[in-house]
Amino acid sequence: MQFDIRRFDIYRKVPKDLTQPTLTGALISICSCLFMTFLFISELRDYLTVDVQSVLSVEDPVKHSEKIPVFINLTLPNMPCEYIGLDIQDDMGRHEVGFRDNTHKDPVNEAKGCRFESHFLINKVVPGNFHISTHSSHSQPDNPDMTHIVHKLRFGMDLEEGKNVKGSFNPLENVDKKASNPMATHDYILRIVPSVYEDKRNNIRYPFQYTYSYRDIIQMGHGGVASPAIWFRYDLSPITVRYTEKTKPFYTFLVMVCAIIGGTFTVAGIIDGLVFSASEIIKKAELGKLS
């Protein structure tokens, strides 16, 4: 007996002459194709989306350095640049008045205000503070005004644009205190959280998240109201957040595509069969042949 491999065909073909197209079947087929296209596009977008997973740990992510880079950019619309300076302090005895390295001051508002920007390092093992004040100025303004807008305050490395990270890496961005009392001292208390971000190409960055609370006070000195300032008091958390980019493997995408096609065809076939059977029963009932 001659072996015929066609016996293993589980997709037996029905002659076209034995099939009957229907309007209902055509509508269900069109709807099924549209539905499968929608699910396929949704699944493709999900497959191409990079998922960011986070894990908490107690570690020092940057063991080779005891310093944290800080970048600050703010505008004081009513304080000339000549009076403004940056002071840095911490509990290890550091006290720098009028820090000038990597510091830029640009006049704004017809030289009545100042755009202040600076980049510096702080110790990560002890709490401390840095503040914008007039302490380093050779003369003091007649009407000091520390109302301001914080454009950016960043700790550690900057994240690349487009990184989808759920975290507080720059919560002070565009914080507006222009409506505050001109003589008020602004006090920001920051809780810094070390973070590690590893992308899908195994590139590692070390940003720092932070949360903050705020208060404004009017300080009294010996001769009346003390000169206002903008304080940023910080403390470092022992908890590190490690972010890792994950992409879905290609086989999961293929499995979902097969499930979409197979599931849609199966459900559509069941619906078409039920509709066809119901229509046949109705026709027989109208002809009185239903028994």
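How many disulfides does the count come to? The count comes to one disulfide, and the views below, taken from a predicted model, begin with it.

**View 1. The disulfide joins cysteine 81 and cysteine 114.** The sulfur atoms of cysteine 81 and cysteine 114 are 2.1 Å apart. A disulfide is a covalent bond between the sulfur atoms of two cysteines. Cysteine 81 belongs to the loop between β2 (67-76) and β3 (85-90), and cysteine 114 to strand β6 (residues 113-123), so the disulfide ties together parts 33 residues apart in sequence. The torsion about the S-S bond is about 100°, which makes the disulfide right-handed. Cysteine 81 has a relative accessible area of 13% and is buried. Cysteine 114 is also buried, at 0%.

**View 2. Cysteine 31 is in no disulfide, and neither is cysteine 33.** For cysteine 31, the nearest cysteine sulfur belongs to cysteine 33, 9.4 Å away. For cysteine 33, the nearest is that of cysteine 31, again at 9.4 Å. A disulfide requires sulfur atoms within 2.5 Å, so a distance of 9.4 Å does not qualify. Cysteine 33 has a relative accessibility of 43% and counts as partly exposed.

**View 3. Helix α1 covers residues 23-48.** The helix has 26 residues, which at 1.5 Å a residue should span 38 Å. The end C-alpha atoms of α1 are 38 Å apart, in agreement with that span. Buried residues of the helix are Gly25, Ile28, Ser32, Met36 and Glu43. In an α-helix there are 3.6 residues a turn, so residues three or four places apart point the same way. Helix α2 (250-287) is included in what covers the buried residues of α1.

**View 4. Two segments carry the UniProt annotation "transmembrane region".** The annotation comes from an unreviewed entry and covers residues 21-41 and 250-275. In the model, residues 21-41 are 90% helix and 0% strand, with end C-alpha atoms 29 Å apart. Residues 250-275 are 100% helix and 0% strand, and their end C-alpha atoms lie 38 Å apart.

**View 5. An aromatic pair links helix α1 and helix α2.** The whole structure holds 15 aromatic pairs, one of them formed by phenylalanine 40 and phenylalanine 253. The two ring centres are 6.0 Å apart, with 55° between the planes, and the pair is tilted. Phenylalanine 40 is in α1 and phenylalanine 253 in α2, so the pair ties together parts 213 residues apart in sequence. Is phenylalanine 253 buried or exposed? Phenylalanine 253 is buried, with a relative accessible area of 9%, whereas phenylalanine 40, at 36%, is partly exposed.

**View 6. Phenylalanine 130 pairs with tyrosine 234.** The ring centres lie 6.2 Å apart and the planes meet at 35°, so this pair is tilted. Phenylalanine 130 sits in strand β7 (residues 128-133) and tyrosine 234 in strand β15 (residues 230-236), 104 residues apart. Phenylalanine 130 is buried at 0% relative accessibility, and tyrosine 234 is buried at 5%.

**View 7. Ring pairs build a cluster, and a charge sits over the ring of tyrosine 214.** The cluster links Phe99, Phe120, Phe130, Phe155, Tyr188, Tyr210, Tyr212, Tyr214, Phe232 and Tyr234. Lysine 177 places its charged end over the ring of tyrosine 214, 3.8 Å from the ring centre.

Key:
Residues numbered from 1 in each chain as written. Predicted model: local features only at pLDDT ≥ 70, side-chain atom pairs only at ≥ 80, totals over all residues. Heavy atoms only, no water. Helix = DSSP H or I, 4+ residues; strand = E, 2+ residues; numbered from the N terminus. Buried < 20%, exposed > 50% of the residue type's maximum accessible area, 1.4 Å probe, protein only. Expected span 1.5 Å × (residues − 1). Contact = heavy atoms within 4.5 Å. UniProt positions renumbered as here; feature names shortened; annotations may be inferred. Phe/Tyr/Trp six-rings, centres within 6.5 Å; stacked < 30°, edge-to-face > 60°. Lys NZ or Arg CZ within 6 Å of the ring centre and 35° of its normal.
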